[in-house]
Amino acid sequence: MEMTKEEREREVEALRRRFVATGHILWGRELSELTPHEMFRTVAATVKELLSENWIRTNRLYAEEKTKQVYYFSIEFLLGRLLNSNLINLGVKELLAEALKGLGISLTRYYEEEPDAGLGNGGLGRLAACFIDSLAALGMPGHGCCIRYQYGLFEQKIVDGLQVELPDRWLRDGFVWEYRKPDKAVNVRFGGNAWMRPRPDGRLELVHEGGTMVMAVPYDVPIVGANGKTVNTLRLWNAELNKDFTLYGVTQEEREKRQEYQRFVESITKFLYPDDSSYEGRRLRLVQEYFMVSAGVQGILRNQLRSGVSLRELDKHAAIHINDTHPALVVAELMRLLVDVHELEWNEAWKVTCKVVAYTNHTIMPEALEKWPVDMFKPLLPRIYLIIEEINRRFLKEVRRRYPGDEVRVHALSIIQDGQVHMARLAVVGSHSVNGVAAIHSEILKSTTLHPFYELHPERFNNKTNGVTHRRWLIGANPELAGLLDETITPRWRTEPARMADFARYADDAEVQKRLAEIKHTRKKMLARWLREKTDQRIDADTMFDIQVKRIHSYKRQLMNILYVMDAYERIKEGAAEDFLPTTVFFGGKAAPGYYIAKETVRLICAVAKRINADPAAAGKLAVVFMENFGVSLGEAVYPAADISEQISTASKEASGTGNMKFMMNGAITLGTLDGANVEIRDAVGDANIIIFGMRASEVMGYYAHGGYSVWDEYNGNPAVRRVLDRLTDGTYGDFHSLYDYLLRNNDEYFILKDFDAYRAAHAEAARRYRNEDAWRKSMIINIAQSGRFSSDRTIKEYARDIWGIHSVQ
C-alpha cells in the first residue's frame, strides 16, 4: 500500500533526523566537515539501524519455532557493494535520497566509496551471493558460510599491456556491514597424532594428541530480503590469536615458536585462493577449506543444541549445502563431531550426515575436481583422514557386495585412490542429493564425470539450473528498464519474476521498442562516459557493443574472440569489409596469477587493442577495450550496455554460466555455443532470438574420446586461420609464439580453430540482425521477457522443495 503525502513527509523527516544523529554520534562533527568516506559510513550506519530490528526478529523466530534452516557453504561469496541493494530491499532508497537531498546531500555520490567485498572471484561466488539474496527475499531460513579474507583475489592493473596483480586491500577501512561475534568463537585443530584404541567394553575410542589449535571468530553480515522482512546471515570466519597470546616474557626459543604460530594463524584467512603452484600454497588451500568447514559445522551444531534440537534428528532442523568441492570436508567433519564429541554410534551418525548434506557440482572437467595427496592430507588432518578411511572402507564394502569382482569399478569409486583423497567422491558418497547447474551439465555428469556414482545411486542425481537475482542485476543495475517493466506489466514482476514473461506481449509494440532502444543507448553512453573518466579512452556509443566478461580461461575462449577481431581488422585494412558494422569489442576478466596462457591472452588482447585503436583505417569501424579489474560493481554498468553477449565456451565445458542470464535480463542477444545454460536460453527465446554456432557437446566429447581432430588440417586448409595465427609470430602485435605454440602443439585442445569459421559466420549473422532495428528490438523484448525464468528465486524454490525441505516463514 502506498503512503499518503503526509505519511511520506513524516518518514522522510524521521530518516533525516536519524541520519543527522547517527553522523553526530559516529564522528562528533558537523556533517559539512565529514569526508566522503565518513559520509558513506554514516549512510551505511543509518541503514544498519533500519535493518537490525528485523534481523533480531528473524533470528528469534527461527530459534523459537525451531525452523529448519539451510547453511550454504561456499569458498566464495562475491557480494559486490551492499548499500544500494540494501536500500532497495528495505524499500527506503527514494525516501532516504529525499531526506538527504533536504540536507544538500546526494545519496548516489557516496555509492563508490564502498569497496567491493573481496570475498570472491567469479561465477561460483556470485552464484552464492545471488542464492543468499533469494533465500532472504523469499522469506526462507538460509545462511551463508565463508571465510573473511583479509585480501581478495587481487586488484588487476594493466601496465604496458601486461596484467599486474596488486593486493586487494578491501578491508583497509573495515567492512561496514559486519558484526564481530567473539562470544561465538570456536577452536579448529590441525596436525597432531590420531588413532583408535580399544576400550574395556570392546568399543574403540579416539586418541588425538598434540596438534595446533586455531581460534575461529565469526563476523556476521546481515542479508536483507525484499521489503526487509527477513534478514538472514552470511557468517565469515576469521582466524585469530587468542587474547592472551603474547611474545613477551618468554625465552627466545619459545618466542620463535610463537612467532611461527602467529604467522600460521594469520596466513589462514589472509588471501582468497593462495597460489597453488607450490606445495605450500596447496597445503594452505587445504588448511583454509578445513578451517571454514570445521568452524561452520561447529557453529551449526552449537546453535541447534542451544535451541533444544536432538542431533539424532538434525536433518529435521538443518540442511548443509556444499557449493562445489571446496567444502566437501563437511561430510567428515560432521561425522567427527557426531561420533567423537556427541558420541553417536557410527551408523547412526552416518545416516544423519547423509540426510543433512547435499552437494552441487560445478565442473565437468575431471582434472578440475579437487583431490589432495595423502602425504599432505594425513599429517595435517589426522582424525579427518581416519574418518574418510572408514567411510571409504564401508562404502567399498557395499560396492563390492553389489558388483562382486568388479575392481575397475571399485577403483573408479574409491574416495582414497592412487595416493589421493578425492573431494568430489567424498561429497557424492556423503550426500543425499547431487545436482548439476544446467540441464546439459547434469546429463554430462551422469553420463561421464560421475557416471559410476550415478549407476550406483541414480536417485541422488538431479538438475537445478542456475539463476541470478533480478533485484541486483535489473532493478539495481538498470532502474530505467525496471521502470519500463513497471509501466507495461505492473510492478508485480519485482516479487514474482516469472511475470516478466508478460512483457513479451509488447514485442511488436513500436512505442515500447523505441523506449527500450533509448534506455539501451542511455546505458551505452553511461558506460562510454565511465571509460572516458577512468581510462581516458573514448568510444562511440552508436557502435554495436559486443561484450565478453568472465574469468580468463582457455575453455571460455577469449582467445578465439580476439583472433576473430584480428581477422576482422585484416579485412577492414584490405577494404574487404566496406559494410562492416561499426563495433566496439569489450573484454573483461582476471587471469589467475599462475595461469600463463590466460595471462598471455590478456597481453594479446591489449596488444591488439593498442594497434587497432591507433589505426585510422579502423576508426569508426572497430575498437577494442579491455576493462581492467572486472567485478560486480563494474558488471552493474556493463551488463545493461551490451548489445551482444559473448558466451562462446567449448561445448560441454561450461557448467552453466550466469553472465549469460545477466546480459539476457538487460536485453542483450546471446551469441554462443550450445553449452551450459545457453541451451535453456535457446529453448526459452527460440532460434530467432539467439545466435548459436559451433560444435555440439556430443561432437566435442566424441573427439576427446576417439580422436580424429588435427589442428594442422585447420591451419593448412583455412587461409583465415593461417593468417591470424601467423600474425602471432610476425611481429604485428609483438611476440606471441607462446599462444601460437599453445594452439598448434596442444592440438587446439578447446577447438578454437575448429569453430573459427562458424564463429565468423555468427558475427556476420549478428550484424545482419542488428541492422534490422525493429527485429532486433523485438528480440531484446523477448529475451528480457524470458529472463524471469532465470531468476535465482526460481532456482532457490527448487532447491528448497526438492533438496532442503525448507519453506518461507514470512
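## A walk through strands and helices

Let's start with a pair: in strand β9, the bridge partner of tyrosine 179 is aspartate 220. Before going on, some ground rules. This is a predicted model, where local features need pLDDT of at least 70 and side-chain atom pairs count only at pLDDT 80 or more, while totals for chains, interfaces and linings use all residues. Residues are numbered from 1 along each chain as its sequence is written, and side-chain values use heavy atoms, with hydrogens and water left out. Helices (H or I, at least four residues) and strands (E, at least two) are DSSP runs, numbered from the N terminus.

### Strand β9 and its partners

Strands of a sheet pair through backbone hydrogen bonds, either parallel or antiparallel. Here, two strands count as paired if DSSP finds at least two bridges between them. So who pairs with β9? The table lists three partners, with one facing residue pair for each.

| Partner of β9 | Sense | Bridges | Facing residues |
|---|---|---|---|
| β5 (residues 179-180) | antiparallel | 2 bridges | tyrosine 179 and aspartate 220 |
| β6 (residues 186-190) | antiparallel | 5 bridges | valine 188 and valine 214 |
| β10 (residues 231-240) | antiparallel | 10 bridges | threonine 233 and proline 222 |

With β10, strand β9 also forms a hairpin that has 6 residues between the two strands. In that turn, asparagine 227 has a positive phi of about 70 degrees.

Is β9 itself buried or exposed? Buried means under 20% relative accessible area, exposed over 50%, and partly exposed in between (1.4 Å probe, protein chains only). In β9 (residues 212-224), 11 of the 13 residues are buried, so the strand is largely enclosed by the rest of the structure.

Take valine 224, which is found in β9. Valine 224 counts as buried, at 2% relative accessibility. What does valine 224 touch? Contact means heavy atoms within 4.5 Å. Leaving aside residues up to four places away in sequence, valine 224 touches Leu51, Asn86, Asn89, Leu90, Ala136, Thr230 and Val231. The chain also brings isoleucine 132 into the picture: isoleucine 132 and valine 224 are 92 residues apart along the chain, but their C-alpha atoms are separated by 9.2 Å.

### Helices that cross

Two packed helices are described by the angle between their axes and the distance between the axes. The axes are lines fitted to C-alpha atoms, for helices over the stretch in contact, and angles run from 0 to 180 degrees between N-to-C directions. Angles under 35 degrees count as roughly parallel, over 145 as roughly antiparallel, 65 to 115 as roughly perpendicular and the rest as oblique.

Look at helix α5 (residues 123-137) and helix α30 (residues 792-804): their axes come within 9 Å and cross at roughly 80 degrees. That makes α5 roughly perpendicular to α30. On the α5 side, Cys130, Phe131, Ser134 and Leu135 make the contact, and on the α30 side it's Ser792, Asp793, Thr795, Ile796, Tyr799 and Trp804. By class, this contact has 6 nonpolar, 3 polar and 1 charged residues. Here Ala, Val, Leu, Ile, Met, Phe, Trp, Tyr, Cys and Pro count as nonpolar, Asp, Glu, Lys and Arg as charged, and the others, Gly among them, as polar.

Now for helix α6 (residues 252-268) and helix α7 (residues 279-306), whose axes come within 9 Å and cross at roughly 70 degrees. That makes α6 roughly perpendicular to α7. Phe264, Ser267 and Ile268 of α6 meet Leu284, Val287, Gln288 and Phe291 of α7. This contact of α6 with α7 has 5 nonpolar, 2 polar and no charged residues.

### Two open sheets

One open sheet has 3 strands in the order β13-β15-β14, with antiparallel pairing. Its edge strands, each pairing on one side only, are β13 (371-373) and β14 (416-417). Strands β13 and β15 (residues 420-422) share 3 bridges, and tryptophan 372 has valine 421 in β15 as its bridge partner.

Another open sheet has 6 strands in the order β20-β19-β18-β21-β22-β23, and the pairing is parallel. At its edges sit β20 (622-627) and β23 (691-692). Strand β19 (residues 583-588) pairs with β20 over 6 bridges; phenylalanine 586 has valine 625 in β20 as its bridge partner. Helix α19 (residues 558-574) packs on this sheet, touching β18 (544-549), β19, β20 and β21 (644-647), and its direction makes about 155 degrees with that of β20.

### A look at the cysteines

How many disulfides are there? With a disulfide taken as a pair of cysteine sulfur atoms within 2.5 Å, the count comes to 0. For cysteine 354, the closest cysteine sulfur is in cysteine 145, 20 Å away, which is too far for a bond. Cysteine 354 is buried, at 13% relative accessibility, and cysteine 606 is buried too, with a relative accessible area of 12%.
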